[in-house]
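Please open the model in a viewer with residue selection enabled. The stops below are meant to be visited in order.

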Amino acid sequence: MLKKISVDDLRLGMHLHAFEGSWIDHPFWRTRFVIEDGKTLAEVLASGVRECWIDTSLGLDVAGPAPAPAPRPLLPAAPAAPAAPAAAKAPAPRPATTSMAEELQAAAEVCKRGREAVVSMFSDARLGRAIDGEACMPLVEQVTESVFRNPGALVSLARLKTHDDYTYMHSVAVCALMVALGRQLGADDAECRRLGLAGLLHDIGKALMPPEVLNKPGKLTDDEFDVMRSHPERGHALLQEARGACDDALEVCLHHHERFDGKGYPHRLCGGALTRPARMGAVCDVYDAITSNRPYKAGWDPAESIARMASWKGQFDETILAAFVRSVGIYPTGSLVRMESGRIGIVVEQTPGKPAAPAVSLFYSSRASMPIVPQRLDLALPGITDRIVAREAREHWAGRPLDDLWLPAELRGQRR
């Protein structure tokens, strides 16, 4: 049971679930832990945060008795019987699910903070400062909780980056995609956070690439491409010196450009030689790259990107790719689709458990060759007879602000 209390009422043995207020107001990179020593308790009391949440199902309550030390025996104790295995602690409750519209508001703030954090991290790397992985964990926590509340909101919003912001927002997007994919694969909350950190840090080596090569608007020369191909190893070297960079982060950074068939780089590893996080990173990295606007090309439609990735035999672990499709949908949010009725629409929200039946905002009638008043159609609802029959070519609608059909009005003018 969660209970809000004053930090002055905290004591040893309580399970701290969350601080009241923003994560930037306190020095802790994690907020869900049992207070087991006086040093940690003192740090909480000195943090300036005045209220917090405790989980009484995982630790002591305010009204419970203080833990007392066991009395020392007067005589030698008899050998103790083997202890029964301790029951595993119940995981902390996940955030309640929210609608796409509700979560987009929170996701926009996370995207903003994420960009600022990655810009700062890249700046530190360029200046020769050590990367602090632990300092990234509050952001990873926020990304993770947003994805748990609604998997599509942050992933979809992060895709709408401009080419000027690609390098930074790509890291935030891959962080969210890794969390969503981990959740789909059955990873527990702690593993999802490690995967999120791996996604956030996977491209840190690009901070050391020459700007004229990294941001070149045209095709790279062979020499320039060789320079860019060095970023996984250079990033891996940075993370080896970093504070709090987990093994998953090191693996994903070094091997996210490897292919399942062994034709990737830098080590041409294949199959089982690649860890699961590395295989996950390869899928998430490519999906965000091909759906995003880059200096040299416009992003592909999300549904078209899924179809193309499925056709690239040998590039990805097929089991990982199948889970990825389940996590983002056959027709991810933002995909243009043609209906059996002849109407054209854009996918605005996924339906859990029904990847082929998302909610669609219809805006054009191909039979009448004219726009129609936008209408939301939830394909999973009973009695709906219309259905998606094909992907619609995005180039036919170039220049039209179609993503505004799923973005809340207050976010349309804030897009980067």
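This tour of a predicted model passes through an open sheet, a pair of linked strand pairings, a buried aspartate and two cavities.

**First stop: the open sheet.** Select strand S1 (2-6), strand S2 (residues 15-19) and strand S3 (33-34), then add S4. These four strands form an open sheet with antiparallel pairing, in the order S1-S4-S2-S3. S1 and S3 are the edge strands, each paired on one side only. Between S2 and S3 there are two bridges, in the antiparallel sense; to see one pairing, display Leu-16 together with Phe-33, its bridge partner in S3.

**Second stop: strands S5, S6 and S7.** Move to strand S5 (residues 336-339), which pairs with S6 in the antiparallel sense over three bridges. Arg-338 stands opposite Ile-344 in S6. The two strands form a hairpin with three residues between them. Within that turn, select Gly-342, whose phi is positive at about 95 degrees. Next, select S6 (residues 343-349) as a whole: six of its seven residues are buried. S6 also pairs with strand S7 (residues 359-365), again in the antiparallel sense, over six bridges. Here Ile-346 has Ser-361 in S7 as its bridge partner.

**Third stop: Asp-301.** Is this residue buried or exposed? Asp-301 counts as buried because its relative accessible area is 2%, under the 20% limit. Asp-301 lies in the loop between helix H11 (276-291) and helix H12 (302-311). Its side chain reaches the backbone nitrogen of Ala-303 at 3.0 Å. Beyond residues up to four places away in sequence, Asp-301 touches Gly-334, Ser-335, Leu-336 and Arg-394.

**Fourth stop: the cavities.** The structure holds two cavities of 30 Å³ or more. For the largest, with a volume of about 50 Å³, select the lining residues His-255, Glu-258, Arg-259, Phe-260, Leu-274, Ala-278, Arg-279, Ala-282, Gln-315, Phe-316 and Asp-317. H11 supplies the largest share of this lining, three residues. By class, the lining has five nonpolar, two polar and four charged residues.

The second largest cavity holds about 30 Å³ of space. To show its lining, select Val-155, Arg-159, Ala-173, Leu-177, Tyr-287, Asp-288 and Thr-291. Helix H4 (151-159), helix H5 (166-184) and H11 are the elements that each give two or more residues to this lining. H11 gives the most, with three residues. The lining of this second cavity divides into four nonpolar, one polar and two charged residues.

Technical notes: Residues numbered from 1 in each chain as written. Predicted model: local features only at pLDDT ≥ 70, side-chain atom pairs only at ≥ 80, totals over all residues. Heavy atoms only, no water. Buried < 20%, exposed > 50% of the residue type's maximum accessible area, 1.4 Å probe, protein only. Polar contact = N/O pair within 3.5 Å; in protein donor to acceptor, adjacent residues only side chain to side chain. Contact = heavy atoms within 4.5 Å. Pairing = 2+ DSSP bridges. 1 Å grid on protein atoms, 1.4 Å probe; cavity = no way out; pocket = protein on both sides within 12 Å on 5 of 7 lines; lining within 4 Å. Points joined across faces, edges and corners; volume = space filled by probe spheres on them. Nonpolar A, V, L, I, M, F, W, Y, C, P; charged D, E, K, R; others polar.
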